[in-house]
Amino acid sequence: MRLPPQQGERLNRDRQFPFLFDGKPVHAFDGDTVASALFASGRRVFSRSFKYHRPRGLLCCSGHCPNCLLQIDGVPSVRACMEPAREGAVVKAQNVLGSLDRDLMSVVDKVGGPFLPVGFYYRTMMRPRRAWPIYERFLRSAAGLGRIDKHGRRTHRFDTEHRRAEVLVIGGGASGIAAAQEAADAGRQVVLVDDGLGEAAHIASAPFEVLSPARAIGIYEGGLVAVAAGSVLYRFRAERIVVATGTIEQPLLFPGNDLVGVMLSGGARRLIEQWSLRPGERAVVLATGGETIADDLRRAGTDVARVFEIGDQAPEEIVARGRKGRVSSVAIDGEKVECDLLVMSGGRQPAYSLLSQAGAKIEYDAGRGIFVPRGLPAGVEAAGSVTGERGQVVQPAPAYSGKGKCFVCICEDVTRKDVKRALAEGFDSIELAKRYTAVTMGPCQGRLCHLPSIRLFAGETGMGLGALGTTTARPPWAPVSLGLLAGRGHEPARRTSIHHRHEELGARMMWTGDWRRVHSYGDPAAEVRAVHEAVGVIDVSTLGKLLVSGPDAVPFLERLYPNRFADLRVGRVRYGVLGTDAGRIMDDGTIGRLAEEEFYVTTTSTGAGVVLEWFRWWNAVWGFDVEVVNLTGALAAVNVAGPHARELLGRLTTLDCSVEAFTYLDAKRAHVAGVPCLLLRIGFVGELGYELHFPSSYGEYLWDTLLDRGADLGTRPFGLEAQRILRLEKQHLIVGQDTDSESNTLDANMAWLVKFDKDDFVGKWALEHMQERGARERLVGFEMDDGVVPLEGGQVVVDGRPAGRVTSARWSELLGKAIGLAWVPPDLAEEGSRLEIRVDGGLEQASVRLRAFHDPEGARQRS
Amino acid sequence: MSFLLPCPNCGPRDVNEFVFAGEISVRPQGPPSLRELGSYVYFRRNVAGIQREWWFHRFGCESWFQAERDTRTNEVLTTELVAPSKNAPPAPQAAATPDTPAT
């Protein structure tokens with residue numbers, strides 16, 4: 001049922017296609033929205049209300065109100081009046097039990113009204129507490145805004161685009177276009193954001209860029225404007241922002257104001273002009289200057305029964321009545337008129353939200369009866385009717401009396417009675433009342449209920465609107481999907497150059513920071529055995545690797561570390577712990593002296609970035625003549641450990657690997673299987689071991705060569721799990737696992753590396769104080785009496801009170817014991833002290849062990 | 001936070017490219033008393049107004065610099081690289097040192 005083409009019609013009548021609504025085909029013209037096509041097919045009920053499940057029809061046709069929210073192609077709560085109809089789209093009603101026309105939940109409106117006042121669930125569903133999940137499930141299904149598929153996956157690819165504009169104009173109406181034109185004529189680069197309602201998208205060859213349909217969802221500090229345009233979120237930086245968002249037509253508050261067939265004048269006009277639809281057969285108009293609206297209706301063939309002027313004095317009483325939720329008559333001051341369309345207008349409120357977000361003050365203009373923006377911040381301008389300086393003055397009554405439900409907020413189904421009740425209960429500030437009643441908090445975000453609710457509030461309390469003020473405007477100003485805010489799905493992962501070999505070996509991978517590392521190759525116990533009895537190789541490419549070089553390298557490192565480096569000979573390696581000025585442990589690693597002025601520093605796997613920034617931060621102040629270069633990604637590293645490690649290495653290099661020539665804590669450069677390597681003789685896992693650092697590009701080759709040439713020696717790869725068992729047998733700590741942000745070097749039993757006789761180093765003063773004060777807790781090894789492995793983080797109990805915590809615990813096959821590390825009170829840090837550790841609610845007995853469980857003399861790693 | 005910060009090397013950039021490392025604190029010049037140490041390590045002025053602070057351009061030139069910023073409005077007044085002061089007795093501002101991990 002279309003009218004002949006109207007002036008401004010946006011249809012292409014040559015192209016028609018179907019889409020599905022609740023399983024039935026609906027025909028649409030090219031240019032239709034989903035809502036206009038459904039209206040043309042005869043549909044009048046578009047949704048059911050949030051709480052009472054009352055039928056609701058088209059009201060604003062401008063993307064403001066919640067009345068046309070539908071599920072379209074699986075996406076819930078799409079505004080059908082703004083969504084272009086697409087061939088084959090699957091459109092469904094939401095928040096109904098049954099169908100839109102026969103919603104079984106509408107019984108709530110009949111019986112529930114008196115029992116479901118505002119805030120009822122805060123009060124009535126408090127007890128018993130246990131029952132809340134049941135209440136909640138009921139409430140969630142009864143009151144809702146469509147459903148999302150919990151098992152659904154990303155449906156679109158969403159992108160974020162960073163853009164600049166000299167002038168960004170928001171709003172595609174006449175004022176926005178004029179502002180864009182003016183700026184473009186002045187030679188500025190202009191982007192205009194148009195929501196699709198204005199004419200901007202239809203200008204041919206504009207001298208500025210038009211984004212349409214697109215909506216600005218917020219203005220943030222620094223002139224950042226977020227613009228949602230389909231599946232792209234633009235982050236605009238604009239030198240000048242022109243807000244031309246216009247006004248929003250406000251509804252009138254009277255009983256029955258939510259009936260199907262009650263429309264805002266702008267909505268009725270859009271139906272006629274853009275989609276050539278007749279909004280109703282017999283209309284009543286309630287507006288200031290209603291005759292012009294009536295003329296438009298008459299042109300569309302609607303019989304206008306009466307036009308009532310809205311003024312200061314009259315009318316006093318307006319009551320709309322309906323049949324089956326659709327308006328059938330309206331009584332104004334006792335005069336009853338039959339109609340199926342009630343067109344209303346309560347004046348136009350400037351859409352100031354974006355200006356308010358930008359920092360403008362919002363003031364009440366008593367003369368015009370609206371809130372207007374004042375005091376715009378630098379770089380932000382308002383153009384057109386959003387300034388509140390033009391247009392007709394309309395001063396309707398806050399609410400018109402009469403019998404029946406009078407809706408203040410159609411999104412959340414808040415009635416005039418609810419507002420009165422909230423006031424009676426003491427919620428007499430506008431911000432509190434908003435939170436209690438939820439008025440302005442629904443899908444329209446106050447577009448249609450903010451001004452009316454403040455008017456009503458002022459009317460009921462006798463306070464002036466100026467004194468009441470407004471609630472705060474926050475982003476998003478326009479609805480935006482979470483997918484758009486989340487952006488493109490990506491989980492950054494760092495992989496070593498040997499990663500694919502691990503996958504081929506069937507390794508179980510785990511995260512350590514951004515790195516993917518091998519947990520194990522299936523049998524950690526066997527991997528541990530290989531290291532103890534033969535050879536194990538582990539990919540340690542994730543270690544942070546920094547090259548510190550320059551004339552001041554020694555004083556620089558001596559200031560950063562509590563260790564001494566001046567006496568470290570070239571070709572030797574030292575273990576070091578980085579601390580803060582608070583004396584806390586930050587990171588650890590080895591420092592090898594490669595030349596007089598060149599040091600190779602390793603950090604923990606997750607610490608490389610932090611340590612690099614730490615080094616550079618201190619040197620920004622000190623200005624030592626050193627360069628710090630991050631080699632973490634450039635170099636791969638493999639630790640070759642086990643009693644046969646020397647034999648394996650000897651097959652691959654001409655370097656003299658004898659214990660005399662290449663002793664524990666030596667650093668040497670040599671070719672291994674033809675690959676230039678830096679070899680560090682260090683022993684984290686407690687066996688004879690060589691850490692090979694070499695260019696990443698040789699990662700797979702050297703890995704393969706080691707496994708291949710070592711096959712007859714029983715060489716096998718091992719993962720982090722095996723490494724954790726091995727180092728625990730040696731009581732070697734892991735920073736971040738066995739230490740936290742409170743741990744210091746002294747209490748962690750590493751006083752030997754702190755050189756208090758140095759002039760200064762980071763953390764010196766705090767450590768001096770701690771040394772004087774004495775330890776508050778100590779990190780010790782422990783073994784369980786009964787072989788039960790406690791949880792990491794488990795409680796150490798002394799005299800029935802928690803006194804410490806387990807940081808690491810594992811079963812050691814080699815020892816046949818459950819062992820671990822724990823922080824305990826200092827008086828228990830003695831060999832053989834008895835501990836109790838909470839395991840599964842019970843207490844298990846353990847003994848303190850201060851020396852390494854395996855090879856306490858370190859003979860094996862030095863061998 | 002979405003303001004722009006002018007990096008002394010790279011020019012105005014989105015604040016998300018930077019690491020904020022807090023207001024500058026003055027590291028004691030010699031062995032401090034316990035009270036001086038405590039206030040250096042743990043206490044901050046936390047001004048509502050113009051504050052001098054450390055920034056690191058992590059997704060840019062990887063340089064540390066200092067900024068003067070109004071903490072109430074996020075207006076950045078100045079940014080500058082710091083003149084090192086290893087040997088010379090430092091000027092009050094240059095004596096500022098980092099003291100917390102840049103995480």
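Let me begin with a network of salt bridges that links R54(A), R56(A), D258(A) and D413(A), and let me say at once that what we are looking at is a predicted model. Taken over all chains, the structure holds 63 salt bridges, and I will go through a few of them in chain A before turning to a buried glutamate, to a loop proline, and finally to chain B and its contact with chain A.

I start with a pair inside one helix. R501(A) and E504(A) form a salt bridge in which the closest N and O atoms are 3.3 Å apart. Both residues belong to helix α14 of chain A, which covers residues 499–504, and because they are three residues apart in that helix, about one helical turn separates them. As for its surroundings, E504(A) counts as exposed, with a relative accessibility of 58%.

The next pair spans a longer stretch of sequence. The side chains of R572(A) and D666(A) meet in a salt bridge, with 2.8 Å from N to O. R572(A) sits in the loop between α16 (553–560) and β32 (573–579) of chain A, and D666(A) sits in the loop between α18 (645–650) and β37 (667–672) of chain A, so this pair ties together parts that are 94 residues apart in sequence. Is D666(A) buried or exposed? At 8% relative accessibility, D666(A) counts as buried.

A third salt bridge joins the side chains of R810(A) and E721(A), at 2.7 Å from N to O. Here a strand and a helix are involved: R810(A) lies in strand β43 of chain A, residues 801–812, whereas E721(A) lies in helix α20 of chain A, so the pair ties together parts that are 89 residues apart in sequence. R810(A) is buried, with a relative accessible area of 16%, and E721(A) is buried as well, with a relative accessible area of 15%.

Staying with helix α20 of chain A, residues 720–729, we also find E729(A) there. E729(A) is buried and yet has no salt bridge, and the nearest side chain of opposite charge, that of R860(A), is 8.5 Å away. Which side chain, then, makes a polar contact with the side chain of E729(A)? That partner is H532(A), at 2.6 Å. If we leave aside the neighbours within four places in sequence, the residues in contact with E729(A) include V528(A), L814(A), L815(A), I819(A) and F853(A), and H532(A), S812(A), A852(A) and H854(A) are also among them.

Now to the loop proline. P207(A) lies in the loop between β9 (190–193) and β10 (209–211) of chain A, and P207(A) is partly exposed, with a relative accessible area of 48%. Although P207(A) and Q181(A) are 26 residues apart along the chain, their C-alpha atoms are separated by 7.1 Å. Apart from its neighbours within four places in sequence, P207(A) is in contact with Q181(A) and A184(A).

Let me turn to chain B, which has one helix and eight strands, arranged along the sequence in the pattern β-β-β-β-α-β-β-β-β. Of the 103 residues of chain B, 48% count as buried. When we consider the contacts in chain B between residues at least 6 apart in sequence, 55% of them join residues at least 24 apart.

That brings me to the interface. The contact takes 31 residues from chain A and 38 residues from chain B. Between them, chain A and chain B bury about 2,800 Å², of which 59% is on carbon and sulfur atoms. On the side of chain A, the residues that lose the most area to chain B are E613(A), W617(A) and W765(A), which together account for 30% of what that side buries.

How many salt bridges does the rule find across the interface of chain A and chain B? There are six, and E613(A) takes part in a salt bridge with R58(B), their side chains meeting at 2.7 Å, N to O. The rule also finds twelve residue pairs in polar contact across this interface, both residues being at pLDDT 80 or more. The elements that give two or more residues to the side of chain A that touches chain B are β13 (232–243), α17 (608–622) and α21 (764–773) of chain A, and the largest share, nine residues, comes from α17(A). By kind, the residues on that side of chain A divide into 16 nonpolar, five polar and ten charged.

Methods
Residues are numbered from 1 along each chain as its sequence is written. Chains are lettered from A and ligands numbered from 1 in the order in which they are written. This is a predicted model: local features need pLDDT of at least 70, side-chain atom pairs count only at pLDDT 80 or more; totals for chains, interfaces and linings use all residues. Side-chain values use heavy atoms; hydrogens and water are left out. Contact means heavy atoms within 4.5 Å. Buried area is the accessible area (1.4 Å probe) that two parts lose on being put together, summed over both. A salt bridge is a side-chain nitrogen of Lys or Arg within 4 Å of a carboxyl oxygen of Asp or Glu. A polar contact is a pair of N or O atoms within 3.5 Å; within protein, one must be able to donate a hydrogen and the other to accept it, and residues adjacent in sequence count only if both atoms are side-chain atoms. Helices (H or I, at least four residues) and strands (E, at least two) are DSSP runs, numbered from the N terminus. Ala, Val, Leu, Ile, Met, Phe, Trp, Tyr, Cys and Pro count as nonpolar, Asp, Glu, Lys and Arg as charged, and the others, Gly among them, as polar. Buried means under 20% relative accessible area, exposed over 50%, partly exposed in between (1.4 Å probe, protein chains only). Lys and Arg count as positive and Asp and Glu as negative; His and the chain ends are not counted.
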